[in-house]
Amino acid sequence: MVGSRRSTLNHAGLLERGVAWFVDGIVMFILLFVAIALVLLLFSPGATPTEVAEGIAVIVGLVVSTAYYMVTEAKWGQTPGKMLLGLRVVHLDGRPCTGAGAVIRNVTKVLGGSSLFPVVVAIVLVLSSDNNQRLGDMLGDTAVVTE
């Protein structure tokens, strides 16, 4: 699973991955805005306490943001941001990313939350690992490559 073997794939660099991540952030913002607005409209003030509606919105936001990465990478091997940049997630042996690979590589995003520390760790790992992998890639035996 986790190893330091260098694959023969054309691994995506930090800049390419960062731009794809930024594009995905814009798409995610739009999706989350719509999803949370719908939840807040469904649980309008007066019918439901504000705290309950906000709590449901947070859960919906977590589910949408997690599913966005896991589903698109499991189905197409790439998120919209990666598509735009010509990047794809594959296993280190070159096989397409599987559902399990997509879940494993993205679980670290959920566990890391939205703090700065996991982003810094990801940058350091991409720059220092043989296959330009972040922790999720190492655990999922995946890599981001150029097409």
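**View 1. Val90 of strand E1 finds its bridge partner in strand E2: Ala143.** This is a predicted model, so keep that in mind for every view here. Val90 and Ala143 belong to a pairing in which E1 (residues 87–91) and E2 (residues 142–146) run antiparallel, joined by five bridges. E1 is mostly covered, with four of its five residues buried. As a reminder when looking at side chains, those in a regular strand alternate between the two faces of the sheet.

**View 2. Asp137 sits in helix H6, which spans residues 135–140.** Is Asp137 buried or exposed? Its relative accessible area is 0%, and buried means under 20%, so Asp137 counts as buried. What does Asp137 touch, once neighbours within four places in sequence are left aside? Its contacts are Arg17, Arg105, Thr142, Ala143 and Val144. Ala143 is worth a second look, since the bridge partner of Val90 turns up again in this list. Arg105 is 32 residues away from Asp137 along the chain, yet their C-alpha atoms are separated by 5.1 Å.

**View 3. Helices H1 and H2 pack against each other at an angle of about 145 degrees.** H1 covers residues 14–42 and H2 covers residues 50–76, and their axes are 9 Å apart. The crossing of the two is right-handed. On the H1 side, the contact residues include Trp21, Asp24, Met28, Leu32 and Val39. H2 answers with residues including Glu54, Ile56, Val60, Gly61 and Tyr68. Sorted by class, the contact has 16 nonpolar residues, plus two polar and two charged ones.

**View 4. Here are the stretches that UniProt lists as "transmembrane region".** The UniProt entry, which is unreviewed, gives residues 20–43, 55–71 and 110–128. How much of residues 20–43 is helix in the model? The answer is 96%, with 0% strand, and the end C-alpha atoms of that span are 34 Å apart. Residues 55–71 come out as 100% helix and 0% strand, with 24 Å between the end C-alpha atoms.

Terms used. Residues are numbered from 1 along each chain as its sequence is written. This is a predicted model: local features need pLDDT of at least 70, side-chain atom pairs count only at pLDDT 80 or more; totals for chains, interfaces and linings use all residues. Side-chain values use heavy atoms; hydrogens and water are left out. UniProt positions are given in the numbering used here, feature names are shortened, and annotations may be inferred rather than shown by experiment. Buried means under 20% relative accessible area, exposed over 50%, partly exposed in between (1.4 Å probe, protein chains only). Two strands pair if DSSP finds at least two bridges between them. Axes are lines fitted to C-alpha atoms, for helices over the stretch in contact, and angles run from 0 to 180 degrees between N-to-C directions. A crossing is left-handed if the near helix is turned anticlockwise from the far one by less than a right angle, and right-handed if clockwise. Contact means heavy atoms within 4.5 Å. Ala, Val, Leu, Ile, Met, Phe, Trp, Tyr, Cys and Pro count as nonpolar, Asp, Glu, Lys and Arg as charged, and the others, Gly among them, as polar.
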